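User: I am new to this structure and should like to understand the terms applied to it. Please set each value against its definition.

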Amino acid sequence: MQLRLLTTSFLFLVALGAASVAVARDAQPLADDPKLEERVMNISRELRCLVCQNETLADSRADLAVDLRNQIREQMKNGKSDEEVIAFVTARYGDFVLYRPPVRPTTYLLWFGPFILLFGGLIFLFRYVRRRRELIVDAPLTPGERRRAEELLGAGRNVPRPEFHVSSSDAQVEPLNRD
Amino acid sequence: MTRYLIPLALFAVLVVFLAIGLGRNPHEVPSPLIDKPAPAFNLAQLADPAKSFSPAEMRGKVWLLNVWASWCISCRDEHPLLLQVARSGTVPIYGLNYRDKREDALGWLAELGDPYVLSASDLDARVGMDYGVYGAPESYLIDRNGVIRFKQIGPITPDVWEKKILPLAKELNR
């Protein structure tokens with residue numbers, strides 16, 4: 001009885017060991033070539049996963065993303081450049097997978113639209129300001145108006161400034177000074 | 001008057017653009033493969049893995065390549081229509097069994113009926129990648145010269161069949 005227990009536990013340990021070897025082998029691609037893996041991840045971050053569209057290929061755990069990463073890794077191992085790998089993916093899935101859309105006639109509006117809006121706005125602003133300036137016309141005062149204005153200004157100068165104005169402004173300044 | 005009409009016109013343009021944008025399905029990504037030759041492949045047939053299938057055999061025929069899988073729920077929605085099309089005999093349908101298990105796929109066909117002339121087994125989805133498949137179902141209408149003329153992403157609805165695929169297939173067959 002004890003012997004059987006011993007053999008089963010021994011077999012169990014062997015199986016466990018085999019499992020850990022299998023796990024270690026699974027993780028190998030990462031340790032295999034860290035430089036290659038970095039390239040794979042860098043390019044995957046530039047590409048959109050089509051299954052879950054707001055995720056990059058690097059972040060996604062969808063089957064398609066895993067397959068595409070493997071495909072990219074395989075191609076890079078075969079000496080393909082980053083551009084060739086991106087061309088491979090866009091030939092199949094279109095420019096939509098690129099987070100940085102290429103400059104093409106169809107994307108001109110996307111790339112240059114904001115600048116067109118900016119310059120359009122500036123031109124509008126310039127013209128608006130110039131037109132406003134033209135609208136303000138110098139209108140000289142008539143002798144009667146001039147006399148009235150001088151009267152008002154003169155009257156203002158003669159009247160002593162009311163006490164409360166001074167004290168109230170002092171009262172406003174004082175607490176600030178104390179600080 | 002124009003002072004008020006210009007902003008109103010700009011607003012109307014904006015509303016039209018947003019309405020079009022909202023009406024679109026972001027999951028329908030236009031395929032770059034339209035009007036390009038269908039990628040070649042050579043895959044084992046689902047029913048008899050000893051036999052193979054290649055699109056090159058279909059030269060001279062207008063045919064539909066339908067990507068399906070037993071795990072795919074929308075494929076079930078689409079299935080009655082495919083059976084109907086197969087019965088009518090207008091366009092032969094070939095299946096691409098995508099990311100599936102052979103026994104599951106065979107069980108699915110036995111249960112729901114088999115509209116396909118034959119299905120090719122793309123178990124590791126390599127061919128699917130060449131066709132830009134990113135889900136199931138997807139369907140490709142391929143002309144006599146082996147050029148992809150139309151791609152349907154998601155199930156083929158009776159509407160899409162009547163208004164897009166059938167008229168195009170008839171025109172290509174002429």
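User: What makes Tyr94(B), Leu96(B), Ser139(B), Tyr140(B) and Ile142(B) residues that Leu65(B) touches?

Analyst: Two residues are in contact if their C-beta atoms, placed from the backbone, lie within 7 Å. Leu65(B) touches these five, residues up to four places away in sequence not being counted. This is a predicted model, in which local features need pLDDT of at least 70 and side-chain atom pairs count only at pLDDT 80 or more, whereas totals for chains, interfaces and linings use all residues. Residues are numbered from 1 along each chain as its sequence is written, while chains are lettered from A and ligands numbered from 1 in the order in which they are written.

User: Why is Leu65(B) called buried?

Analyst: A residue is buried if 20 or more other C-beta atoms lie within 10 Å of its own, exposed if 12 or fewer, and partly exposed in between, with C-beta atoms placed from the backbone. Leu65(B) has 22 other C-beta atoms within 10 Å and is therefore buried.

User: Where in chain B is Leu65(B) found, and what stands opposite Leu65(B)?

Analyst: Leu65(B) belongs to strand S3 (residues 63-68) of chain B; strands (E, at least two residues) and helices (H or I, at least four) are DSSP runs, numbered from the N terminus. Opposite Leu65(B), in S6(B), stands Tyr140(B). Tyr140(B) in turn touches Ala38(B), Leu65(B), Tyr131(B), Ile148(B) and Lys151(B), again without residues up to four places away in sequence.

User: What makes S3(B) and S6(B) a pair?

Analyst: Two strands pair if DSSP finds at least two bridges between them. S3(B) and S6(B) have five bridges, in the antiparallel sense, so they satisfy the definition. They belong to an open sheet of five strands in the order S5-S4-S3-S6-S7 (chain B), with mixed pairing.

User: Why do S5 and strand S7 (148-153) of chain B stand at the edges?

Analyst: Each has a single partner strand, so one side of each is left without a neighbour in the sheet.

User: Which residues touch the most other members of the largest nonpolar core?

Analyst: A nonpolar core is a set of buried Ala, Val, Leu, Ile, Met, Phe, Trp, Tyr and Cys residues joined through C-beta atoms within 7 Å. The largest one has 53 residues, and Val91(B), Tyr98(B), Tyr140(B) and Ile142(B) touch the most other members.

User: Are Ala125(B) and Arg99(B) buried, partly exposed or exposed?

Analyst: Ala125(B) is buried, because 20 other C-beta atoms lie within 10 Å. Arg99(B) has 19 C-beta neighbours inside 10 Å and so counts as partly exposed. Arg99(B) lies in the loop between strand S4 (93-98) and helix H3 (102-112) of chain B, and its phi is near 50°, a positive value in a residue other than glycine. Ala125(B), in the loop between strand S5 (119-122) and H4 of chain B, has a positive phi of about 65° although it is not a glycine.

User: Which peptide bond is cis, and what is its omega?

Analyst: The bond joining Ala136(B) and Pro137(B) is cis, with omega about -5°. Pro137(B) is placed in the loop between helix H4 (126-130) and strand S6 (138-142) of chain B.

User: How many residues of chain A and chain B are in contact?

Analyst: There are 13 residues of chain A in contact with 12 residues of chain B. Helix H4 (63-77) and helix H5 (82-93) of chain A each supply at least two residues of the side of chain A that touches chain B.
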